[in-house]
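Colleague: I have a few questions about this one before I set anything up. Can we go through it piece by piece?

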Amino acid sequence: MTEIKKLINEVETTLAPYFKEIETIAYENQEKVLDAFHAVKATESDLQGTTGYGYDDLGRDHLEEIYARTFKAEDAIVRPQIISGTHAITIALQSTLKYGDELLYITGDPYDTLLEVIGINGNGIESLQEHGVSYNKVDLNKGTIDVDRVLRSINDKTKMIAIQRSKGYDQRPSIGLNEIEAAIEKIKTHYPNIIIFVDNCYGEFVERREPIECGADLIAGSLIKNPGGGLAKIGGYIAGKASLIERCGYRLTAPGIGKEAGASLNSLQEMYQGFFLAPHVVSQSLKGALFTSLLLEKMNMRTNPKYDAPRTDLIQTVEFDTKEQMIQFCQSIQHASPINAHFSPEPAYMPGYEDDVIMAAGTFVQGSSIELSADGPIRPPYEAYVQGGLTYEHVKLAVSRAAERLQKEQLI
Ligand SMILES: *Cc1c(COP(=O)(O)O)cnc(C)c1O
């Protein structure tokens, strides 16, 4: 047996009990989803979709009820007309925040694409700021929500508090649901009327619960991440209090029309099946993340989170010593993709980034990050973000080949 094969065996032996726990959570989440399908009596005709205005689209309405039940929300909106996670979050923010209101982010800076939505970056056009909504943030303190400072930062104008569960492409830790629950409880004790929003991107089905069960009023996410199960080709969702979801509907379509219209075309079959598969697909990605973390750690790279740390999202960071290592690793991931494997990604300029960025992804759905991908800016500390994987076997193959290649090229 080669050195690396031995190492892989060791890694899988160490990970066995952690994999067992991931399977237990997937089982519980699968049951929640199945029960939701049964509660709405999902029917073959629900998968068909409508055209034109999309009135009386029962398949769409049932799917939204399945999301609402699974996430323990009063209502949900799940649409192919929501083009991404950023769009879903934008609808949630714009429909709640009005002239004179303040938005307070309590997990530090929001995800990159939201900076322009809020008006922190960019030309300001149609930003919250242009509509008279002010913004403030409270940074994490040693990686945790600084509740005391949050309470001191709340003022008469504070209408909504936003929590970003996943670190996204930031260097902070992700925030688990127990911590989110404790923070919401303290905030609501003093300010019961403040609306709590959670950016749930990358978080769905990683834990046993979802943020609404922890006190959040509104959550949003992308269907080309976890809840699309790798099958949804487009879409976003928002779930939460019925009165807030009604506003989201009015914002997405038009006042008076709201959720009543919006044809689902051919999107429903893959959205239903994707949501049904999502707990399992998320478990596969998570197992892949643990494998990546431990194998590369054993090869002297620095990985975050560690294999044995509790998780609340799918993002795995790997820190390389040199830029050559990072580029080689990302290229190897591309070369092990099902699609576009014969191309080699090179670091290149990306709008919104100071440094060149390398992006490896050979996915079935463009930009899908529930499928295996690796990317990051080329600057010290040379951190690549590795996420997704529709099957554990694929992540294992890709990461093992990447590790082997680094060794062969004597980069480690
Ligand atoms: C991906 C992501 C978003 C934005 O989703 P897109 O679909 O890329 O627009 C927002 N927040 C977090 C934490 C994310 O990971």
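Colleague: Which residue forms a salt bridge with Glu409?

Modeller: Arg405 does, and the closest N and O atoms of the pair are 2.8 Å apart. Bear in mind that this is a predicted model.

Colleague: Are Arg405 and Glu409 buried or exposed?

Modeller: Neither label fits. Arg405 is partly exposed at a relative accessible area of 35%, and Glu409 is also partly exposed, with 38%.

Colleague: Which residues are joined into one network by salt bridges that share partners?

Modeller: Glu64, Asp75, Arg79 and Lys259.

Colleague: How many salt bridges does the count come to?

Modeller: The count comes to 25, taking a side-chain nitrogen of Lys or Arg within 4 Å of a carboxyl oxygen of Asp or Glu.

Colleague: What does Lys241 pair with?

Modeller: Its partner is Asp217, at 2.6 Å from N to O. Lys241 sits in the loop between β7 and α7 (242-252), and Asp217 in the loop between β5 (195-199) and β6, so this salt bridge ties together parts that are 24 residues apart in sequence. On accessibility, Lys241 is partly exposed at 35%, while Asp217 is buried at 5%.

Colleague: And which residue does Arg60 meet in a salt bridge?

Modeller: Asp61, with 3.2 Å from N to O. Arg60 is buried, with 2% relative accessibility; Asp61 is partly exposed, with 30%.

Colleague: Switching to the ligand. Which residues surround it?

Modeller: The surrounding residues are Ser84, Gly85, Thr86, Ile89, Tyr111, Gln164, Asp199, Cys201, Tyr202, Ser222 and Lys225.

Colleague: Which helix gives the most to that shell?

Modeller: Helix α3, residues 85-96, which supplies three residues.

Colleague: What polar atoms lie by the ligand's oxygen and nitrogen atoms?

Modeller: There are three pairs to look at. A ligand oxygen is 2.8 Å from a polar backbone atom of Gly85. A ligand oxygen is also 2.5 Å from a side-chain N or O atom of Thr86. A ligand nitrogen is 2.6 Å from a side-chain N or O atom of Asp199.

Colleague: How much of the ligand's area does the protein bury?

Modeller: The protein buries 89% of the 380 Å² that the ligand exposes when taken alone.

Colleague: Cys201 was in that list. How many disulfides does the structure hold?

Modeller: Zero.

Colleague: Why is there no bond between Cys201 and Cys248?

Modeller: Because the sulfur of Cys201 is 14 Å from the one in Cys248, which is its closest cysteine sulfur, and that is too far for a bond. The cut-off for a disulfide is 2.5 Å. Seen from Cys248, the closest cysteine sulfur is that of Cys201.

Colleague: Buried or exposed, those two cysteines?

Modeller: Cys201 is buried at 8% relative accessibility, and Cys248 is buried at 0%.

Colleague: What does the side chain of Thr50 make a polar contact with?

Modeller: The side chain of Asp57, at 2.6 Å. Thr50 is in the loop between α1 (3-39) and α2 (58-70), and it is buried with a relative accessible area of 18%.

Colleague: On to the backbone. Where are the cis peptide bonds you would point me to?

Modeller: One joins Asn304 and Pro305, with omega at about -5°. Another joins Pro380 and Pro381, with omega at about 10°. Pro305 is in the loop between β8 (302-304) and β9 (316-319), and Pro381 is in the loop between β11 (373-377) and β12 (383-387).

Colleague: Why mention those, and what about phi?

Modeller: Because most peptide bonds are trans, and most residues other than glycine have a negative phi. Glu126 has a positive phi, near 65°, and Asn340 has one near 60°.

Colleague: Where do Glu126 and Asn340 lie?

Modeller: Glu126 is in the loop between α4 (112-118) and β3 (134-137), and Asn340 is in the loop between α9 (323-335) and β10 (357-361). Glu126 is partly exposed at 43%, as is Asn340 at 35%.

Colleague: Last one. Which residues make the nonpolar surface patch of about 270 Å²?

Modeller: Leu34, Leu231, Phe276 and Leu277. Of these, Leu231 is in the loop between β6 (218-222) and β7 (236-240) and is partly exposed, with a relative accessible area of 31%.

Definitions and conventions: Residues are numbered from 1 along each chain as its sequence is written. This is a predicted model: local features need pLDDT of at least 70, side-chain atom pairs count only at pLDDT 80 or more; totals for chains, interfaces and linings use all residues. Side-chain values use heavy atoms; hydrogens and water are left out. Buried means under 20% relative accessible area, exposed over 50%, partly exposed in between (1.4 Å probe, protein chains only). Patches are made of residues with over 30% relative accessible area and no salt bridge: like charges are joined within 9 Å, nonpolar side chains (Val, Leu, Ile, Met, Phe, Trp, Tyr) within 5 Å. Accessible areas come from the Shrake-Rupley method with a 1.4 Å probe; for residues, only the protein chains shown count as cover. Helices (H or I, at least four residues) and strands (E, at least two) are DSSP runs, numbered from the N terminus. A residue is near a molecule or strand if one of its heavy atoms lies within 4 Å of it. A polar contact is a pair of N or O atoms within 3.5 Å; within protein, one must be able to donate a hydrogen and the other to accept it, and residues adjacent in sequence count only if both atoms are side-chain atoms.
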